[in-house]
Amino acid sequence: MIHPDTAPPDISTLGGLRASGYTKRTVKEEMRANLMRKLQTGEKIFPGVIGYDRTVIPQLQNAILSKHDIILLGLRGQAKSRIVRMLPRLLSEWTPVLKDTPLNEHPYDPLTKQGRELVEEYGDEAPIDWLPRSARYGEKLATPDTTIADLIGDIDPIKAANLRLTYADEEIIHFGIIPRTNRGIFAINELPDLQPRIQVGLLNIMEEQDIQIRGFNVRFPLDVMLVFSANPEDYTSRGNLITPLKDRIDSQIITHYPKTVDVGMAITDQEAWQDRSDGAQAMPVDVSIPYVFREIVEQIAFEARNSEYIDQKSGVSVRVTRAAMELLISAAERRSLINGEDTTSVRVSDLLHLAPAITGKVELVYEGEQEGAENVAYTLIGRAIRTVFTQYFPDPADKGGERERYADVLAWFTKNNNVRLNQDLSDAEYRSRLKAVDGLQEVVDEETSPGSEAQRMVMMEMVLEALHQNSLIGKEMSDDGQAYSDIMGSMLSSFGNGGFDEDDFDDDDFDMDDFQ
């Protein structure tokens, strides 16, 4: 809620308002004037909305300057609702209304019979109130059971009987949420979910300003800016926008996902809960998050948006990376609490805990369903690691000179050595096991510049995972962690003691997309 920065003007009557020189403006004129002032002063208009500075926000500002009704069209998790809820920032802090009238009526131009009688009876002494901008915003999530009565209004038969009035008398109307947001902004989220007959009811409000209730025409010149949000029509089978309504919405603005990893990282950094000093009785754990892990978390979303396993029409929300970052920190936090440590760094093995952040937020196509949601999540994590890894290290997939950088590490595994990295290893044991791998630390020190010993260990583990992702070493998963070993030994173990035949091997055994 936007709270007023100043007290309301000390004017309480219609006459006092006229004497002050107050002039009437429509809500769209008011928003246009306030936006013009903010643009001239360089004020931030949509704080916290990242990545739209040259796309969505200029289009939105142009629509407001044009006094348009607006629809934001985009996939899930593209800040549509956040943008809509920021629009009241463009309203004036206070606006005068006739006191105790149902439709926030302007003192100069009352709409209802109640308002007109108030002005006729009291004249310049008619009482007025000042409405804060936070009270001038209304919102409704469109659902299939939404009715015309909810949005526009209905006849109140009990009131008609008590007052002995006919149904044609406006006094017995129970107004819906849109008329009650008169002189403000009204938003409908997920507009296609409204039944077509309900969408038809919005047509007159947007063009003719007629409200028809139970066959009775009541003409109210409502002053409302209508804003809608929707997913693309081909995303949902639950409903569609009727063509006449689309035609009456002046500006359609297309939102989008972050176009670069850097923009996505900035959004995740802003949205994710990372500061864990929340006043809990237990001492908080200081969790270090190397920059490379922020890149990996964001790259997971980019991989998902290009994955053949994911239904791209449903989108991959930025909430995936927010939830993934929070789970990544919590995995490291939990491990430290178990081991009685007060500082730690996130590890590659902690990435296994990100699957719950992915599986519930993506919709799979048939191929993805065949793989299984959890396997798809691990595949996306593996692809993200492989993509980010080559920005810091030579590409193990290069069979030329770059793969030679890992010769000592690979040779160590061919000697029947393996390294097991349980998820709950203490930092000391974690370091000990990684340092036992010949040539591993040398690769990290020569190719990167770790800022601490903890970061060095994390990069060493990343080298092992990248070698596995490129099918150069094997990995066996268990409930408590993973073990890296020689690729041939890993394959042999999968055949048990029954021996094997070379015809049993095919390309599927070397699926580079598998995280497991």
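In this predicted model, strands β7 and β10 run parallel and are joined by five bridges. One pairing to look for puts isoleucine 185 of β7 opposite methionine 225 in β10. Strand β7 covers residues 184-189, while β10 takes in residues 224-230.

Strand β7 has another partner too: β4 (residues 137-141) also runs parallel to β7, again with five bridges between them. Here tyrosine 137 stands opposite isoleucine 185, the residue that also faces methionine 225 in β10. So what does all this do to the exposure of β7? Six of its six residues are buried, so the strand is largely enclosed by the rest of the structure. In a regular strand, side chains alternate between the two faces of the sheet. For β7, one side carries Gly184, Phe186 and Ile188, the other carries Ile185, Ala187 and Asn189, and all of these are buried, leaving both faces covered.

Moving along from β10, the next stop is strand β1 (residues 70-73). Four bridges hold β1 and β10 together in a parallel arrangement, and isoleucine 70 sits opposite valine 227 of β10. Strand β1 also pairs with β11 (residues 251-254), once more parallel and with four bridges; in this pairing leucine 72 lines up opposite isoleucine 253. Both of those β1 residues, Ile70 and Leu72, point one way from the strand, whereas Ile71 and Leu73 point the other way, and all are buried.

The helices offer a picture of their own. Two packed helices are described by the angle between their axes and the distance between the axes. For α15 (residues 373-389) and α19 (residues 453-469), the axes come within 10 Å and cross at roughly 110°, which means that α15 is roughly perpendicular to α19. The crossing of α15 past α19 is left-handed. On the α15 side, the contact is made by Gly382, Ile385, Arg386 and Phe389, and these meet Met462, Val463, Glu465, Ala466 and Gln469 of α19.

Zooming out, the protein chain contains 20 helices and 16 strands in total. Of its 516 residues, 49% count as buried. Among contacts with a separation of 6 or more, 75% come from residues 24 or more positions apart in the chain. As for the outside, the chain exposes about 24,400 Å², with carbon and sulfur atoms supplying 46% of that area.

Key. Residues are numbered from 1 along each chain as its sequence is written. This is a predicted model: local features need pLDDT of at least 70, side-chain atom pairs count only at pLDDT 80 or more; totals for chains, interfaces and linings use all residues. Side-chain values use heavy atoms; hydrogens and water are left out. Helices (H or I, at least four residues) and strands (E, at least two) are DSSP runs, numbered from the N terminus. Buried means under 20% relative accessible area, exposed over 50%, partly exposed in between (1.4 Å probe, protein chains only). Contact means heavy atoms within 4.5 Å. Accessible areas come from the Shrake-Rupley method with a 1.4 Å probe; for residues, only the protein chains shown count as cover. Two strands pair if DSSP finds at least two bridges between them. Axes are lines fitted to C-alpha atoms, for helices over the stretch in contact, and angles run from 0 to 180 degrees between N-to-C directions. Angles under 35 degrees count as roughly parallel, over 145 as roughly antiparallel, 65 to 115 as roughly perpendicular and the rest as oblique. A crossing is left-handed if the near helix is turned anticlockwise from the far one by less than a right angle, and right-handed if clockwise.
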